[in-house]
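Work through the exercises below with the model open. Try each task before reading its solution.

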Amino acid sequence: MLVELGPRSYVVQVVSGRQDSFAGFVRSALDATWAGRSCRRALLVTDRNVAPLEGPFRAALENLGIATSLSVLPPGESTKSLDCAADLFDELVRIRADRHTVVVALGGGVIGDLAGYVAASYARGLPLFMVPTTLLSQVDSSVGGKVGVNHPRAKNIIGAFHQPVGVWIDTESLKSLSDREYRCGLAEVIKYGVILDADFFAFLEQSVDAILAREPAALRHVVAHSCQLKADVVSKDEREETGLRAVLNFGHTVAHAIESVAGYGGRYHHGEAVAVGMVVESRLAENLGWIDSATTARVEALVERYGLPVSAPELDRDALIEAMTRDKKNQKGKIRFVLPRMIGQVELTDSASEADVREALRVA
Ligand SMILES: NC(=O)c1ccc[n+]([C@@H]2O[C@H](COP(=O)([O-])OP(=O)(O)OC[C@H]3O[C@@H](n4cnc5c(N)ncnc54)[C@H](O)[C@@H]3O)[C@@H](O)[C@H]2O)c1
Ligand SMILES: O=C(O)C(=O)C[C@@H](O)[C@H](O)[C@H](O)COP(=O)(O)O
Ligand SMILES: [Zn+2]
């Protein structure tokens, strides 16, 4: 599928175990860019858990005549930091990278966001390939060009929009992914159903066993359909300017507060925080009269059936609300939420008062 962005358009290729075609994909994606055939060097960025998968990707790049250096970082959310970005800048300087040096992010959303941010900033922009290896990064973070790192008190607050030149998704790379990380990806998948596609939400309700068992056909549908939904949104509102792209932030006002209060790499991984966030924000919509209690119950039930948390009772409520006051979506000092009007449709609003938010968090 294509993410249509005029001169920055790119292909999202979804395969199952076709590593041999990666080199051809890179060649044709690079040929479509201004940097084209002059790309002779690459920095392949990964983490320790994913490093066992890097060999064929490095070999493919080398076979294309692209001399490839490898940076292996510690796994986990705390790697999405300015310190780790600085390490990658050091490496790019060391290998004398120039604007024809390609950055390849092989890993989950942490590696994609971090390496993407480095690619966006170094020499004011290097060509970037995303090779996502978690379900979450395959259905969400590898597509759309949001890259960045965390500030200790504000999630993703340092970043850029920098579209990749290509996204290579091999669903077979998920074979080594833990069940916990697999479920994290399913939180963002459920999100797509709530925000954009009631039929997809119903499919997720009907296919719990097949999806949790990672049945290949169900998995491919989940990945390809999620990417298509995201690609359509990003094509229409690349930089979150019209309000459309903001729909992808359903559950995230609360989720990002949970992550920064609990600590990056702490008790809640991003997908788990999004799971809690979707339940709390559905309850908020219900309390505002936007949806009925049956709709909230449907969201909560699906989150639970996929083995994801629905509450974070141990986190301090004042700290959560304080963290929400630093959310990127806020305007004129008001916290903004993306809330459901029904399954398949959401709206951005600043109409929730602090008391409303507190009430929605009360039972969470
Ligand atoms: N840019 C965006 O649009 C966007 C969208 C959603 C999420 N995100 C960001 O993505 C991050 C979360 O991404 P994530 O859930 O992929 O987390 P992650 O990158 O931390 O990966 C989760 C864990 O899985 C391991 N792993 C990765 N691939 C593996 C594989 N194939 N086999 C075994 N282990 C593997 C990693 O080493 C890590 O320990 C968060 O920082 C979130 O903010 C960004
Ligand atoms: O791509 C987007 O836009 C999203 O909102 C996708 C989210 O799942 C993702 O977590 C994203 O990183 C959040 O963006 P942010 O702008 O709120 O930091
Ligand atoms: Zn997310």
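**Exercise 1. Strand pairing in the sheet**

Find the bridge partner of valine 11 in strand 9, then place the pair in its sheet.

*Solution.* Step 1: valine 11 is bridged to glycine 166 of strand 9. Strands here are DSSP runs (E, at least two residues) and helices are DSSP runs (H or I, at least four), both numbered from the N terminus. The model is predicted: local features need pLDDT of at least 70, side-chain atom pairs count only at pLDDT 80 or more, and totals for chains, interfaces and linings use all residues. Residues are numbered from 1 along each chain as its sequence is written, while chains are lettered from A and ligands numbered from 1 in the order in which they are written.

Step 2: strand 2 (residues 10-15) and strand 9 (residues 166-170) run parallel, joined by five bridges. Two strands pair if DSSP finds at least two bridges between them.

Step 3: widen the view to the open sheet, which has seven strands in the order 1-2-9-6-5-3-4 and mixed pairing. Its edges are strand 1 (2-3) and strand 4 (67-73), each paired on one side only.

**Exercise 2. A hairpin**

Describe how strand 7 and strand 8 pair.

*Solution.* Step 1: the sense is antiparallel, over five bridges. Step 2: two residues lie between the strands, and the unit is a hairpin. Step 3: pick one bridge; lysine 146 partners phenylalanine 161 of strand 8. Step 4: check burial (buried means 20 or more other C-beta atoms within 10 Å of the residue's own, exposed 12 or fewer, partly exposed in between, with C-beta atoms placed from the backbone). Strand 7 (residues 146-151) has five of its six residues buried, so the rest of the structure largely encloses it.

**Exercise 3. Annotated positions**

Which residues does the UniProt annotation "binding site" cover, and what surrounds two of them?

*Solution.* Step 1: read the record. The unreviewed UniProt entry lists Gly109, Val110, Ile111, Gly112, Asp113, Thr133, Thr134, Lys146 and Lys155. Positions follow the numbering used here, feature names are shortened, and annotations may be inferred rather than shown by experiment.

Step 2: take isoleucine 111, in helix 4 (residues 109-121). Isoleucine 111 counts as buried because 30 other C-beta atoms lie within 10 Å. Beyond four places in sequence, isoleucine 111 touches Val45, Thr46, Asp47, Ala105 and Leu106. Contact means C-beta atoms, placed from the backbone, within 7 Å.

Step 3: take lysine 155, in strand 8 (residues 154-161). Lysine 155 is buried because 25 C-beta neighbours fall inside 10 Å. Its contacts, leaving aside neighbours within four places, are Asn150, His256, Glu259 and Ser260.

**Exercise 4. A loop residue**

Is valine 50 buried or exposed?

*Solution.* Step 1: locate valine 50 in the loop between strand 3 (41-47) and helix 2 (54-63). Step 2: count. Valine 50 is buried, because 22 other C-beta atoms lie within 10 Å. Step 3: list contacts more than four places away in sequence: Leu106, Gly107 and Thr133.

**Exercise 5. Two ligand shells**

Set out the shells around ligand 1 and ligand 2 by class.

*Solution.* Step 1: ligand 1 is surrounded by 30 residues, the closest being Asn49, Gly108, Gly109, Thr134 and Ser141. Helix 4, helix 5 (135-141), helix 6 (179-196) and helix 11 (270-287) each give two or more residues. A residue is near a ligand if its C-beta atom, placed from the backbone, lies within 6 Å.

Step 2: around ligand 2 are Asp140, Gly144, Lys146, Asn156, Glu188, Arg245, Leu248, Asn249, His252 and Lys328.

Step 3: sort by class (nonpolar: Ala, Val, Leu, Ile, Met, Phe, Trp, Tyr, Cys and Pro; charged: Asp, Glu, Lys and Arg; polar: the others, Gly among them).

| Shell | Nonpolar | Polar | Charged |
|---|---|---|---|
| Ligand 1 | eight | 15 | seven |
| Ligand 2 | one | four | five |

Step 4: assign domains. The ligand 1 shell draws at least three residues from each of domain 1 (2-176) and domain 2 (179-362). The ligand 2 shell also takes at least three from each.

**Exercise 6. The domain contact**

How many residues does the contact take from domain 1 and from domain 2?

*Solution.* Step 1: fix the bounds. The assignment, which is automatic or from a database, gives domain 1 (2-176) and domain 2 (179-362). Step 2: their centres, over C-alpha atoms, are 26 Å apart. Step 3: the contact takes 28 residues from domain 1 and 31 residues from domain 2. Step 4: on the domain 1 side, strand 2, helix 5 and strand 8 give two or more residues. Helix 5 gives the most, with five residues.

Conventions: Contact = placed C-beta atoms within 7 Å.
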